[in-house]
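Hi everyone, thanks for coming. Please have the sequence and the 3D view ready, and we'll walk through them together.

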Amino acid sequence: MAQCVTKIELSISCENLLDKDVGSKSDPLCVLLQNIGDDQWAELDRTERIKNCQKPEFSKKLLIDYYFEKVQKIKFGVYDIDNKSFDLNDDDYLGGTECSLGQIVSSKKLTRPLELKKGKPAGKGTIMISAEEIKDTRVVNLEIEARSLDKKDFLGKSDPFLEFYKQSDSGPWQLVYRSEVIKNNLNPCWRRFSVPLHTFCGGDFSRPIKVHCTDYDSDGSHDLIGSFETNLSQLQKAHDGSLVEFECIHPEKKQKKKKYKNSGIVIIKSCKIEMEYSFLDYIMGGCQINFTVGIDFTGSNGDPKSPDSLHFISPNGINEYLIAIWSVGNVVQDYDTDKLFPAFGFGAQVPPNFQVSHEFALNFNPNNPYCEGVQGIVDAYRQALPQIQLYGPTNFSPIINHVARFAAQAAQQRIAAQYFILLIITDGEITDLDETRQAIVSASKLPMSVIIVGVGNADFKAMEFLDGDNGVLRSLTNEPVARDIVQFVPFRRFKNAPQEALSKTVLAEVPKQLVSYYKMQGWTPVKLPEAKKV
């Protein structure tokens with residue numbers, strides 16, 4: 001196994017992008033892909049989308065593991081995003097470039113022409129990529145508001161947003177953070193935000209930081225309200241109720257008007273530097289991952305005795321349900337010491353009374369639904385199949401709420417000791433979508449993640465909706481999820497791929513989801529790693 005030498009952060013900007021929108025400019029986003037062999041590319045990361053801009057400087061950095069001993073072929077693709085779907089196939093391609101990570105690392109800053117395909121330039125479009133090594137895992141947390149900002153809009157007030165720039169070693173200013181826009185407000189209070197310390201100032205507390213306060217315009221022609229320069233040492237004076245204030249100065253107004261004072265005051269309410277913990281910090285610090293499986297036994301799967309059924313076990317002893325259990329379970333079981341996994345079915349009539357159940361133990365022992373290892377789940381599934389009647393409806397919420405009760409008990413300990421993963425394998429015909437939305441919104445406040453693997457060839461629109469990639473999932477009462485906890489993957493995409501490809505995609509989000517929960521709670525690993533003891 002290759003050893004990851006270090007983590008690299010890539011900053012992306014572009015110039016002279018093609019203009020694909022009629023009546024306005026393109027709305028670009030940049031995606032980072034890595035070659036995984038046989039001319040196959042896997043997405044690693046993507047920037048934010050910037051509206052109406054042909055010369056974007058993206059504030060979201062792209063992260064990649066750097067291996068010295070491997071040639072890591074990577075590709076950058078720039079797209080004009082005109083819809084909310086996560087899939088880029090329905091968006092206009094503005095050009096891309098291929099290179100190796102080693103080329104970027106060795107040149108510090110790489111400028112390349114964008115190409116629509118090999119040898120075909122994308123107009124005069126260029127992409128600039130610069131790399132920095134991540135050495136420091138601390139983060140800067142900031143709370144900022146402003147008062148008495150200049151009014152910039154003819155019919156309204158101003159729509160202010162903030163941009164933070166650090167001075168790079170070679171002199172130019174580099175964007176490190178862009179806030180949200182607050183509409184029609186001269187006294188805005190922005191959301192609390194955090195930026196990795198190495199991104200913010202390279203760990204140098206006296207490195208100059210420039211802050212722009214700007215009025216947003218939907219056509220991309222934003223107006224500067226004012227700016228100021230500072231550094232992290234000054235910002236840090238804002239804590240425990242002590243505020244730090246800066247005058248926002250518009251340079252042209254200052255030159256022209258003798259009585260000019262400022263264009264408003266930006267107030268730093270709080271600036272704290274905290275340690276950032278990784279997934280491995282939590283796991284090595286003693287966090288156990290509890291794995292639960294929920295299997296769809298509804299009638300829409302088809303009669304298990306028929307070869308057309310999704311539950312039909314082929315002569316070589318497998319079906320899509322079993323492959324999904326094996327590939328996900330084999331990875332997760334390494335993080336659970338007792339290797340005892342609760343396994344449930346839903347949507348079937350079960351013995352002895354053949355009442356419909358939406359959360360029955362696969363081993364028919366409700367007091368002890370635990371199976372020994374992944375093999376135990378597989379054995380229980382095979383034994384249950386001939387004893388039940390596939391029925392309906394397809395209700396997800398009972399099993400999500402079941403696992404959530406255990407997660408809620410674990411959360412009461414107020415330590416990062418237990419995290420829960422629920423794997424639901426389904427043919428996708430969900431009937432309790434509203435209740436499931438509510439269950440997921442409630443579960444997003446608990447130490448748990450939900451993985452949905454869709455088997456068969458159904459339309460999985462409802463599953464994609466629950467995944468929330470197209471926007472923030474909300475309950476019926478419009479309450480948003482506290483964090484993204486659902487990952488949906490259609491099995492058909494992996495039919496001919498090696499088994500590890502499914503588990504890799506299915507589990508890709510879990511480390512981020514686990515860290516986001518403990519970060520939201522402010523809980524450190526149970527046992528702190530030596531290097532991070534402050």
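How much of the protein do buried residues make up? Buried residues account for 50% of the 534 residues. Before I go further, please keep in mind that this is a predicted model.

Let's begin with the overall picture. The protein has 12 helices and 26 strands. If you follow the C-alpha trace along its principal axes, it spans about 90 × 60 × 50 Å. What about the radius of gyration? A compact globule with 534 residues would have a value near 24 Å, and the protein has 26 Å, so the two agree.

Now think about which parts of the chain touch each other. Take the contacts with a separation of 6 or more: 70% of them are between residues 24 or more positions apart. As for the outside, the protein exposes about 26000 Å², and carbon and sulfur atoms supply 50% of that area.

On to the strands. I'd like to show you two sheets and then a hairpin.

The first is an open sheet of four strands, in the order β11-β10-β13-β14, and the pairing is antiparallel. Which strands are at the edges? They are β11, residues 173-178, and β14, residues 223-230, and each of them pairs on one side only. From one strand to the next, the twist averages 25°.

Zoom in on the middle of that order. Strand β10 covers residues 160-167, strand β13 covers residues 209-215, and seven bridges join them in the antiparallel sense. If you want a spot to click on, choose Glu163, which stands opposite His212 in β13. Remember Glu163, please, since we'll come back to that residue.

Here is a handy rule while you are looking at strands. In a regular strand, side chains alternate between the two faces of the sheet.

The second sheet is also open, with four strands in the order β12-β9-β16-β15 and antiparallel pairing. Its edge strands are β12, residues 193-196, and β15, residues 244-247, each pairing on one side only. Neighbouring strands here are turned by 35° against each other on average, with direction ignored. At one edge, four bridges join β15 to the antiparallel strand β16, residues 265-275. There you can find Val244 opposite Ile268 in β16.

And now the hairpin. β2 and β3 form it, with five residues between them. What is special to note in the turn? Gly37 sits there with a positive phi of about 105°. The two strands run antiparallel and are joined by five bridges, and Val31 stands opposite Arg46 in β3.

Let's move to charges. Side chains of opposite charge can pair when their charged atoms come close. How many salt bridges does the structure hold? The count is 18, and I've picked three pairs to visit.

Pair one is Asp27 with Arg49, whose closest N and O atoms are 3.3 Å apart. Asp27 is in the loop between β1 and β2, while Arg49 is in the loop between β3 and β4, and the two are 22 residues apart. Is Asp27 buried or exposed? Its relative accessible area is 7%, so Asp27 is buried. Arg49 has 37% relative accessibility and therefore counts as partly exposed.

Pair two is Arg207 with Asp169, with the closest N and O atoms 3.0 Å apart. This pair links distant parts of the chain: Arg207 lies in the loop between α2 and β13, Asp169 lies in the loop between β10 and β11, and 38 residues separate them. So these loops lead into strands of our first sheet, the one ordered β11-β10-β13-β14. Arg207 counts as buried because its relative accessibility is 14%, under the 20% cut-off. Asp169, at 70%, is over the 50% cut-off, so Asp169 counts as exposed.

Pair three is Glu479 with Lys445, where the closest N and O atoms are 2.8 Å apart. Glu479 is in the loop between α10 and β26 and Lys445 is in the loop between α9 and β25, so the pair ties together parts that are 34 residues apart in sequence. Glu479 counts as partly exposed at 29% relative accessibility, and Lys445 counts as partly exposed at 39%.

Finally, back to Glu163, as promised. Glu48, Glu163 and Arg178 are linked in a network of salt bridges. So the residue that stands opposite His212 also belongs to that network.

Methods. Residues are numbered from 1 along each chain as its sequence is written. This is a predicted model: local features need pLDDT of at least 70, side-chain atom pairs count only at pLDDT 80 or more; totals for chains, interfaces and linings use all residues. Side-chain values use heavy atoms; hydrogens and water are left out. Two strands pair if DSSP finds at least two bridges between them. Axes are lines fitted to C-alpha atoms, for helices over the stretch in contact, and angles run from 0 to 180 degrees between N-to-C directions. The radius of gyration is taken over C-alpha atoms; the globule rule is 2.2 Å times the number of residues to the power 0.38. Buried means under 20% relative accessible area, exposed over 50%, partly exposed in between (1.4 Å probe, protein chains only). Contact means heavy atoms within 4.5 Å. Accessible areas come from the Shrake-Rupley method with a 1.4 Å probe; for residues, only the protein chains shown count as cover. A salt bridge is a side-chain nitrogen of Lys or Arg within 4 Å of a carboxyl oxygen of Asp or Glu.
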